[in-house]
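Grab your viewer and a pencil: here is a short set of exercises on one chain. Try each task before you read its solution.

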Amino acid sequence: MSLLKCAALIVALGLPSLAFAGGESVNITSPSDGAKVQVSGTQVVYEAAPGPNGDHAVVTVDGTEAAVLSELAGKYTLNKLSLGDHTVCIKVVDKGRAPTGAEKCIKVTAANPGLYTY
């Protein structure tokens, strides 16, 4: 399938943040957007394709860089989240760590084990 057809399919499916014309893409498969998570130990499962302008990926929590991801696909463990809502993003960056535009963000709510908020 051509790149143009892939891009058209992604836009038609309402997923424009997952792919870019330069071949960059980011996907977070777990946890799902809006998930309730533990304050420590939640694994973020991701895949990133840097494309021609990207070099690697980083994970941010609430806008602050939490880690440089050594693998383009894998898991990152969230630790020491405060109780409440958080935004977790995986971003493709260049060698100078400038964002290239490819990113995926999810919102999660951290709660203590056994504490459920509805």
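**Exercise 1. Find the strand that holds T64, decide whether T64 is buried or exposed, and get its distance to V88.**

Step 1: T64 sits in strand β5; strands here are DSSP runs of E with at least two residues, helices are runs of H or I with at least four, and both are numbered from the N terminus.

Step 2: T64 has 52% relative accessibility, so it counts as exposed. The classes go like this: buried is under 20% relative accessible area, exposed is over 50%, and partly exposed is in between (1.4 Å probe, protein chains only).

Step 3: Going from C-alpha to C-alpha, T64 and V88 are 9.4 Å apart in space, with their positions 24 residues apart in sequence.

A word on the ground rules: this is a predicted model, so local features need pLDDT of at least 70 and side-chain atom pairs count only at pLDDT 80 or more, while totals for chains, interfaces and linings use all residues. Residues are numbered from 1 along each chain as its sequence is written, and side-chain values use heavy atoms, with hydrogens and water left out.

**Exercise 2. Work out how confident the predictor is along the protein chain.**

Step 1: Take the mean pLDDT (the predictor's confidence in each residue, from 0 to 100). For the protein chain that mean is 83, and 76% of the residues reach 70 or more.

Step 2: Look at residues 1-21, where pLDDT stays under 50. The model has 17 contacts beyond four places in sequence for this stretch, a contact being heavy atoms within 4.5 Å.

**Exercise 3. List the elements of the protein chain in order, then describe the largest nonpolar core.**

Step 1: Count one helix and eight strands. From the N terminus on, they run α-β-β-β-β-β-β-β-β.

Step 2: Buried residues account for 31% of the chain's 118 residues.

Step 3: Now the core, meaning a set of buried Ala, Val, Leu, Ile, Met, Phe, Trp, Tyr and Cys residues joined through side-chain atoms within 4.5 Å. The largest one has 23 residues, and V59, L69, L78, V88 and I90 have the most contacts inside it. Elements giving two or more residues to this core are β1 (25-30), β2 (35-38), β3 (42-49), β4 (56-61), β5 (64-69), β6 (73-78), β7 and β8 (99-111). The biggest giver is β8, with four residues.

Step 4: Zoom in on V88. Skipping neighbours within four places in sequence, V88 is in contact with residues including I28, V44, V59, L78 and I106.

**Exercise 4. Which cysteines form the disulfide, and what does the pair tie together?**

Step 1: The structure holds one disulfide, that is, a pair of cysteine sulfur atoms within 2.5 Å. C89 and C105 are the partners, with their sulfur atoms 2.0 Å apart.

Step 2: The link of C89 and C105 is right-handed, with 110° about the S-S bond.

Step 3: C89 belongs to strand β7 and C105 to strand β8, so the pair ties together parts that are 16 residues apart in sequence.

Step 4: Check the cover on each side. C89 is buried at 7% relative accessibility, whereas C105 is partly exposed at 31% relative accessible area.

**Exercise 5. What do the side chains of H86 and H56 pair with?**

Step 1: Place H86 in strand β7 (residues 84-93), where it is buried at 6% relative accessibility.

Step 2: Look for polar contacts (N or O atom pairs within 3.5 Å; within protein, one atom must be able to donate a hydrogen and the other to accept it, and residues adjacent in sequence count only if both atoms are side-chain atoms). The side chains of H86 and D62 make one at 2.6 Å. A polar atom of the H86 side chain also lies 2.6 Å from the backbone oxygen of S82.

Step 3: Check the partner. D62 is in the loop between β4 and β5, is partly exposed at 43% relative accessible area, and has a positive phi near 55°.

Step 4: Repeat for H56, which is in strand β4 and is buried with a relative accessible area of 13%. Its side chain joins that of D55 in a polar contact of 2.9 Å.
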